[in-house]
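The exercises below ask the reader to work through a predicted model, one group of interactions at a time. Each task is followed by a solution in steps.

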Amino acid sequence: QVQLVESGGGLVQSGGSLRLSCTASGNTFSRPLMAWFRQAPGNERSFVAGITWCGAFTSYSDSVKGRFTISRDNSKNTVYLQMDSLKPEDTAVYYCAADRTNSIPTRQTSAYDYWGQGTQVTVSS
C-alpha cells in the first residue's frame, strides 16, 4: 500500500503561482512513476503531468506545457508540481497518482494504482 497526500493548493489570482506537493508513505519501494491529474466540476479527470522514478522523463498535457513543471525528490518521497502563469481554466481539484506498472507516464486514469485525496486550486480572474 502507498498513501499519497497532496498539499499546496489554494486561491490565487490569474498569473500567479502555486507549488503542489505530494508525499508518499507506506511501501514506496516499487519505484512508481508519479503523475498529477486534475478534475474540474462536470469534467473528466484529466492528465496534467507525469514523471518517471529517476526524473529523466517528464510528460505534460498541451494545456499546461511551458507553464507547469513536475519534479520529484525521491529522498523525501515527494513529487512537486510548480504551476506558474496560472489561468482561471486551471481551476480544479488536483490529484497525485502513482503507477507501479508502466515505465513511462500514461494519461489514462486506469493505469494508476494509488491516488491522493486531492487539493483544490482556484484561480481568480
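**Exercise 1.** Find the salt bridge formed by Asp113, and state where its two partners lie and how accessible they are.

*Solution.* Asp113 forms a salt bridge with Arg100, and the closest N and O atoms of the pair are 3.5 Å apart, which falls inside the cut-off of 4 Å. Asp113 lies in the loop between strand 9 and strand 10 (114-115), and Arg100 lies in the loop between strand 9 and strand 10 as well, so the pair ties together parts that are 13 residues apart in sequence. Turning to accessibility, Asp113 is partly exposed, with a relative accessible area of 33%, and Arg100 also counts as partly exposed, at 44%.

**Exercise 2.** Determine how many salt bridges the whole structure holds, and which residues are linked in a network.

*Solution.* A search of the whole structure finds 3 salt bridges. One of them joins Arg38 to Asp90, with the closest N and O atoms 2.9 Å apart; since Arg38 lies in strand 4 (residues 33-39) and Asp90 in the loop between strand 8 and strand 9, this pair ties together parts that are 52 residues apart in sequence. The side chains of Arg67 and Asp90 also meet in a salt bridge, at 2.7 Å from N to O. Arg67 is in the loop between strand 6 (58-60) and strand 7, so its pairing with Asp90 ties together parts that are 23 residues apart in sequence. Arg38, Arg67 and Asp90 are therefore linked in a network of salt bridges. As for burial, Arg38 is buried, Arg67 is buried with a relative accessible area of 12%, and Asp90 counts as buried at 1%.

**Exercise 3.** Glu6 has no salt bridge; identify the nearest side chain of opposite charge, and the backbone nitrogens that the side chain of Glu6 reaches.

*Solution.* Glu6, whose place is in strand 1 (residues 2-7), is buried, and the nearest side chain of opposite charge, that of Arg45, is 7.6 Å away, whereas a salt bridge requires a distance within 4 Å. The side chain of Glu6 reaches the backbone nitrogen of Gln117 at 3.1 Å and the backbone nitrogen of Gly118 at 2.9 Å. Among the residues that Glu6 touches are Trp36, Tyr94, Cys22 and Cys96.

**Exercise 4.** Decide which cysteines are joined in a disulfide, and why Cys54 has no bond to the closest cysteine sulfur.

*Solution.* The count comes to 1 disulfide, which joins Cys22 to Cys96 with an S to S distance of 2.0 Å. The pair links distant parts of the chain, with Cys22 in strand 3 (residues 18-26) and Cys96 in strand 9 (residues 92-99), 74 residues apart. The torsion about the S-S bond is about -80°, so the disulfide is left-handed. Cys22 counts as buried at 1% relative accessibility, and Cys96 is buried at 0%. For Cys54, the closest cysteine sulfur is that of Cys96, and because it is 17 Å away it is too far for a bond; Cys54 counts as exposed, at 61% relative accessibility.

**Exercise 5.** Describe how strand 7 and strand 8 are joined, and which residues form the covered face of strand 7.

*Solution.* Strand 7 (residues 68-73) and strand 8 (residues 78-83) run antiparallel and are joined by 6 bridges, and the bridge partner of Ser71 in strand 8 is Tyr80. The hairpin has 4 residues between the strands, and Asn77 takes a positive phi near 55° there. The covered face of strand 7 consists of Phe68, Ile70 and Arg72, while Thr69, Ser71 and Asp73 form the uncovered one.

Key
Residues numbered from 1 in each chain as written. Predicted model: local features only at pLDDT ≥ 70, side-chain atom pairs only at ≥ 80, totals over all residues. Heavy atoms only, no water. Disulfide = S-S within 2.5 Å. Helix = DSSP H or I, 4+ residues; strand = E, 2+ residues; numbered from the N terminus. Buried < 20%, exposed > 50% of the residue type's maximum accessible area, 1.4 Å probe, protein only. Pairing = 2+ DSSP bridges. Lys, Arg positive; Asp, Glu negative; His and termini not counted. Polar contact = N/O pair within 3.5 Å; in protein donor to acceptor, adjacent residues only side chain to side chain. Contact = heavy atoms within 4.5 Å. Lists of a residue's contacts leave out its neighbours within four places in sequence.
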